[in-house]
Amino acid sequence: ILSVLALIVLVQSREVTKNSKSKKNSLVENAKRSGKSGMALMEKGQYDAAIKKFKDAIRDDPTYSDYHTQLATCLRVLGRVDEAIEEYKHSIMHMNETRNRAGGDQYWASVHVNLAYVYAEGGGQGRFPGAMQLASGLFLEATRLQPKMAEAYTYLGNTYQEMKDWSAALEVFKTAIKHIVKPTDTDRLANQYFHMANCHGQLQQTDL
């Protein structure tokens, strides 16, 4: 009798596991459909409707990072920056899960830059206490993830300038000029030299 009961429990357990996997797969598929609809609406500029779709996708598949990233983008466009920050954070929280690595370091560097930019922009307006420190950390992480991402260096250097850390900013712009910015990218190169000259000027004033 005990062996029969054990067999019944085992069969029931397998059925529960099977049903659980089937339900999870169904939710993931629902999320994909919602996410696809959200992307289409976002491309049309229908951000409120897109937000609803991305929230539906997150409800069904909460650990898939890109739904959070796209939701954050929509919220940011509509000026809902506090909500956007939270969604970028949720996205980054799950970045090391295998399925969220499909976009590679380029994708994740961009997510870090986007979140950092929101902080930096708000920090300049006095909206987020300690925002520049948060932004600089995120921009720095973006350069680690994607060492040749020129805009991350520009933003990082500019953030250090906002913090009046002229020495740190100077080193960033020097690195960008020497190793990152392509010689053919003359506009970006000129921009780096301009900021580097500003840092030299500020440091000379400090030394006086």
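Q: Let's start with Ser65. Which element is Ser65 in?
A: Look up which run of residues covers the number. In this predicted model, Ser65 has its place in helix α3, residues 65-77.

Q: Is Ser65 buried or exposed?
A: Go by relative accessibility here. Ser65 has a value of 1%, and because buried means under 20%, Ser65 counts as buried.

Q: What does the side chain of Ser65 reach?
A: Follow the side chain to a polar partner. For Ser65 that is the backbone oxygen of Ser91, at 2.8 Å. Ser91 also turns up when you list what Ser65 touches beyond four places in sequence: Ser91, His94, Met95, Asn100, Tyr107 and Trp108.

Q: And His68, where is that found?
A: His68 is in helix α3 too. Its relative accessible area is 4%, so His68 is buried. The side chain of His68 reaches the backbone oxygen of Pro62 at 2.8 Å.

Q: Which residues is His68 in contact with, leaving aside neighbours within four places in sequence?
A: You'd find Ile58, Pro62, Glu87, His90 and Ser91. Notice Pro62 again, whose backbone oxygen the His68 side chain reaches. Ser91 is a familiar name as well, as Ser65 touches it.

Q: Let's zoom out. How many helices and strands does the chain have?
A: Count the elements of each kind. Here there are 9 helices and 0 strands, so reading from the N terminus you get α-α-α-α-α-α-α-α-α, with helices and strands numbered from that end.

Q: What share of the chain counts as buried?
A: Of its 208 residues, 38% do. You can also ask how far apart in sequence the contact partners lie. Among contacts between residues at least 6 apart, 50% join residues at least 24 apart.

Q: Which residues touch the most other members of the largest nonpolar core?
A: To read a core, look for its best-connected members. This one has 54 residues, and Leu115, Tyr119 and Phe139 touch the most other members. Helix α5, residues 104-124, gives the most to this core, with 9 residues.

Q: What is Tyr119 in contact with, leaving aside its neighbours within four places in sequence?
A: Quite a list: Ile85, Lys89, Phe128, Ala131, Leu134, Ala135 and Leu138.

Q: How do I read empty space, and what volume does the largest pocket have?
A: Rolling a probe the size of a water molecule over the atoms shows where empty space is left. In this model, the largest pocket has a volume of about 160 Å³. Its lining is made up of Tyr117, Ala120, Glu121, Met132, Phe139, Tyr155, Asn158, Thr159 and Glu162. The elements giving two or more residues to that lining are α5, α6 (131-145) and α7 (150-162). The largest share, 4 residues, comes from α7. Phe139 is worth a second look, as it lines this pocket and is also one of the core's best-connected members.

Q: Where is Ala168?
A: Ala168 sits in helix α8, residues 166-180. With a relative accessible area of 23%, Ala168 is partly exposed. Its C-alpha atom is separated by 7.5 Å from that of Gly157, 11 residues apart along the chain.

Q: Last one: what pLDDT does the chain average?
A: The average is 90, and 86% of the residues score at least 70. Now go element by element: helix α1 (residues 2-43) has the lowest mean pLDDT, 77, while helix α2 (residues 47-60) has the highest, 98. Where pLDDT is low, the predicted coordinates should not be read in detail.

Notes. Residues numbered from 1 in each chain as written. Predicted model: local features only at pLDDT ≥ 70, side-chain atom pairs only at ≥ 80, totals over all residues. Heavy atoms only, no water. Core = buried A, V, L, I, M, F, W, Y, C linked by side-chain atoms within 4.5 Å. Buried < 20%, exposed > 50% of the residue type's maximum accessible area, 1.4 Å probe, protein only. Contact = heavy atoms within 4.5 Å. pLDDT = per-residue confidence, 0-100. Polar contact = N/O pair within 3.5 Å; in protein donor to acceptor, adjacent residues only side chain to side chain. 1 Å grid on protein atoms, 1.4 Å probe; cavity = no way out; pocket = protein on both sides within 12 Å on 5 of 7 lines; lining within 4 Å. Points joined across faces, edges and corners; volume = space filled by probe spheres on them.
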